[in-house]
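The exercises below ask the reader to work from atomic positions towards statements about individual residues. Each task is followed by a solution that goes step by step.

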Amino acid sequence: MRTIIFSLSLLLFYPFPSSGQEATLRELQAALANARGEERADVLNGLVEQLKFSQPAQAAEYAGQALELSEQLNYRPGIMAAAYHLAIAERDSRNTRRAVRYAEQGLAAARARKDKMGELKGYKILETIYQVAGRDKKMAEYRDEYDKLKKELELAQTSEQLANLEKEFESTSEALGLSEQEKAQLSREKEAVKGALRLTEAENLLKETQLAVAEKEAAELALAKAGLERETAMMEKDAALLQLELSEERAMRNRIYAVAAVLLLLLAAAWQRYRFVQQRKLAEIEKQRAERLEEIDQLKDQFLANTSHELRTPLNGIIGIAEWLYEKREEASPEILRDNLSVVISAGKRLNNLVNDIMDFSRLRNAELQLHPKPLHLRSLVDVILRINLPLTRGKSLQLANEVPAGLPPALADEGRLQQILQNLVSNAIKFSDKGAITVSARETGGALEVSIRDEGIGIPKEKQEFIFQAFQQGDGSTAREYEGTGLGLSITRHLIELHGGKIWLESEPGKGTVFYFTLPVSDAQPAATEEEVKVNARPLYASNGEEESRPGPAAPVPAGQRIRILVVDDEPINQHVLKNHLNPDYYAVTTAMNGEQALAALQSGEPFDLVLLDIMMPRMSGYEVCERIREQFLPSELPIIMVTAKNLVKDLVMGLDTGANDYLAKPFTRDEFLARVKTQLNLHQINRATGRFVPSAFLRSLGRENITEVRLGDQVERKVTVFFSDIRDYTAMSESMTPEQNFKFVNAYNRRMGPIIDRHGGFINQYLGDAIMAIFQHSPEGALRASIEIQQAIREYNRQREAKGRRPIRSGIGFHTGPLIMGIIGDDKRLDAATISDTVNTAARIESLNKFYGANILLSEDSLAAISEPEAFHFRMLGQVQMKGKKVPVGIYECFDGDSPEGFDKKRATLDAFAEARTSYFDKEFAKAYRAFEAILKENPEDATTQLFLNKTLECIASGVPDDWTGIERMTAK
């Protein structure tokens, strides 16, 4: 509380610096930088006086510096001022010893320079130090010293005043020309004043004497008063003892009452605490019960969603293939019909198994399931199960092994339910394994058969092994789970095994596989047949190690390279089969992917796709995540996506559209609905692709728009980009020898070759300007440089083709510059245009035009070179600085000769250091030395037009001379 009051007092009364003080402080701080010696000590002490209230810590630091400097210089005024401040600071911090040391140091400096006022200040500081420390004797000692010196100073001041009066009297007498009588009169008055002063001093001494006598009498009275007080205290003590004796009986009674009251309070508190603990326990139980109910509710919702998906998937396959068979029944070959019917049969069996699982779970919960046990040969049943599940190993490096001994005693079990148990465990092992072996073995132990199913799959974490046999539980029940299922299989398996009187358990380690064990009773009787043959009702969907048979079809009316490319992403082969059937191979080229990783890899390789058909529930990466990843690279107008899934809730639809899908199609669906949605998206895609040829998608993406219909007049964004210009040399002369049609075809052929190169290196064409190209690279200028090099290489190849046809070769100059740029939409309400507005565009265009001047192929600005992350991967020559028309600051120009012919590149690289030395000599006005160096380079590389230019300019400087302020900067007079 005392600290808070003190802080509030500071806020209310703390002297904030005025504007004048702030000005003085700034002046002192400015003077400190140039002050030396005693002057610096005085400035530091001045800063101490300015800051001692507002910034005490900074003031103490300055005082310490002033004291150290003054001691080195033996500058006593500085020592005195700094030491006194430090003494006061240490006094306020209750550091008495250090405060006394600093005060005595300041006092010694004052005495040495005979500064009475400084000495007086030292006595006062020491007095306050000992007062704060509670040492009254020392405080009184320094107080006497202070009073004594103060009187001396007052007497000295009085004497000084008398002397001054004497001098004034004499000067006044002489100035006024007084008579002797008047002087005598003034003398008498002067003596009267002196007498008055002496009388005043005598009166002061008398008063002090009287005061001392009064103080002595007061001390005697105080002693007498103390005696009386002692006598009074003795009497009060006796009265208190008497009172104490009287009150002890009352205190005893009060203590008894208090103990009783405390005991009652403790009992009441204990009862309240007991009630509180019981209520808290009940609340905790209710909370746990609510959480468990909520968890069960979530598990139920998840189970229903997953079951719905699992049921819809084969159902969609059956409907889709049936529709296709109905329409294509006359056109399809017998092989294709059998293949599709096998898919229908397989999907129907899967649907039947799912329904059976749900029904069995219901019967088990209601104790309605009845077993019909009989002796069974386990080895033959295992063999049947392995043959049934063989198609599931397609595409995996898996081997199925039956290691059940032939001489094993028969098991007493229900044949159908034992097949169901083995089917669940074997199919699970296949589902969660990609390679290795799945082995079924058995042995007799303790009067029972112990069966084991071993795999080398992903394994089960320890924390999930506890509830893996519970209903609705899955290792991963999310949308992006890697493996499908309802979560009922293992629960039903456990119940069936327990109904047989056995038990089930597992051993597993993540990454090393899993072993499921279960026991069955041994039968005393033998089966009716030693080996029971079980036939499969339909052939497998795929052979275990064979490839899908090729299907003949009609000749495609559309060339393969021009078909619409569609990417189907679904982890179910049945669904892929249905979608491929619906999409006529004469017009569509379908690529399939089993998961998100394969889909993203397919999008990165080969020709671009026109449409993506995307499932939601897929392994490792859900369809939502795949859609978001695709949208990071492609706008909805660039690559439409249709979500094709069994999840048909409104929230699923909204989430799919939010992640970037163009449309959403819920299973099961009809062929007509599917094709209508596909054609709608493809038509929109063709429209967007057509508009993208006029306004690039990269331009729209920069404006934050997804398609051309969202663009508004005034949309604009500022970016730091690299502006690229390319221009055909001597095109005007070439065009004069060609007809307008030939001109058009020539420019079209040239741009068709150059545009894809720019796109491949991360740029986009902003404008085709006849024989010139303007492009923008939004990321590193390294993309512009690599595109420039590849364009020069493509032009050389193009020239070889032209020369073979007897046509003259062409050359192209390229220039680019990096800087800020405004990209936006300009125009009016009826006509819009995508525009780029910036000085960066003008600079890039002028740099490109310098190729003619320097005789180079690729030029770039110093700003572009500075933004290239790995410039050492290329070869550059500094050509100098150019003052462009209308510019105040010259631009550094560099040549990159990586795009030159191999012969020219080798010669320029061999003379690179010599060129740099020659250029340096030229700019240093050592023209004779530069001339010799340039001439030597031309002997090695006579085709080096840039060196020839510098040689000619060097000769011109030698012949005509240069002014003293010549810098070698080239000035462009043309825009």
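**Exercise 1.** Which kind of interaction joins the side chains of Glu119 and Lys116, and what is the N to O distance?

*Solution.* The model is a predicted one, and side-chain atom pairs count only at pLDDT 80 or more. Between Glu119 and Lys116 the side chains meet in a salt bridge, with an N to O distance of 4.0 Å. The criterion asks for a side-chain nitrogen of Lys or Arg within 4 Å of a carboxyl oxygen of Asp or Glu. Turning to the backbone, both residues belong to helix α7 (residues 116-133), where a spacing of 3 residues separates them by about one helical turn. The two partners can then be classified by accessibility: Glu119 is buried, at a relative accessible area of 10%, whereas Lys116 is partly exposed, at 40%.

**Exercise 2.** Describe the salt bridge between Asp906 and Arg909, and place it among the other salt bridges of the structure.

*Solution.* Begin with the distance: the closest N and O atoms of Asp906 and Arg909 are 3.8 Å apart, and the pair forms a salt bridge. Next comes the helix, for the two residues lie 3 residues apart in helix α26 (residues 902-910), a separation of about one helical turn. Both are partly exposed, since buried means under 20% relative accessible area and exposed means over 50%; the value for Asp906 is 40%, and that for Arg909 is 44%. A network is also present, in which Arg877, Glu895, Asp900, Lys908 and Asp944 are joined by salt bridges that share partners. In total the structure holds 27 salt bridges, and one of them links the side chains of Asp92 and Arg91, at 3.2 Å from N to O.

**Exercise 3.** Determine where Gln883 lies, whether it is buried or exposed, and which residues it touches beyond its sequence neighbours.

*Solution.* Gln883 is part of strand β19, which covers residues 876-883. Its relative accessible area is 12%, so Gln883 counts as buried. Once neighbours within four places in sequence are left aside, the contacts of Gln883 are Lys888, Val889, Pro890, Ile969, Glu970, Arg971 and Met972. For Glu970 a backbone distance can be added: Gln883 and Glu970 are 87 residues apart along the chain, while their C-alpha atoms are separated by 5.8 Å.

**Exercise 4.** Find which residues Pro510 touches, not counting residues up to four places away in sequence.

*Solution.* The position comes first: Pro510 sits in the loop between β6 (504-509) and β7 (513-521). With residues up to four places away not counted, Pro510 touches Ile458, Gly459, Ile460 and Pro461. As for Ile458, it is 52 residues from Pro510 in sequence, yet the C-alpha to C-alpha distance between them is 5.7 Å.

**Exercise 5.** Which residues form the nonpolar patch that includes Leu263, and which gather in the patch of positive charge that includes Arg752?

*Solution.* The nonpolar patch on the surface is formed by Val259, Val262, Leu263 and Leu266, and together these residues have about 370 Å² of accessible area. Leu263 belongs to helix α9 (residues 180-328) and is partly exposed, with a relative accessible area of 49%. In the patch of positive charge, also on the surface, Arg752, Arg753, Lys805 and Arg807 gather. Arg752 lies in helix α22 (residues 740-760), and a relative accessible area of 57% makes Arg752 exposed.

Technical notes
Residues are numbered from 1 along each chain as its sequence is written. This is a predicted model: local features need pLDDT of at least 70, side-chain atom pairs count only at pLDDT 80 or more; totals for chains, interfaces and linings use all residues. Side-chain values use heavy atoms; hydrogens and water are left out. Patches are made of residues with over 30% relative accessible area and no salt bridge: like charges are joined within 9 Å, nonpolar side chains (Val, Leu, Ile, Met, Phe, Trp, Tyr) within 5 Å. Accessible areas come from the Shrake-Rupley method with a 1.4 Å probe; for residues, only the protein chains shown count as cover. Helices (H or I, at least four residues) and strands (E, at least two) are DSSP runs, numbered from the N terminus. Buried means under 20% relative accessible area, exposed over 50%, partly exposed in between (1.4 Å probe, protein chains only). Lys and Arg count as positive and Asp and Glu as negative; His and the chain ends are not counted. The place of a charge is taken as NZ of Lys, CZ of Arg, CG of Asp or CD of Glu. Contact means heavy atoms within 4.5 Å.
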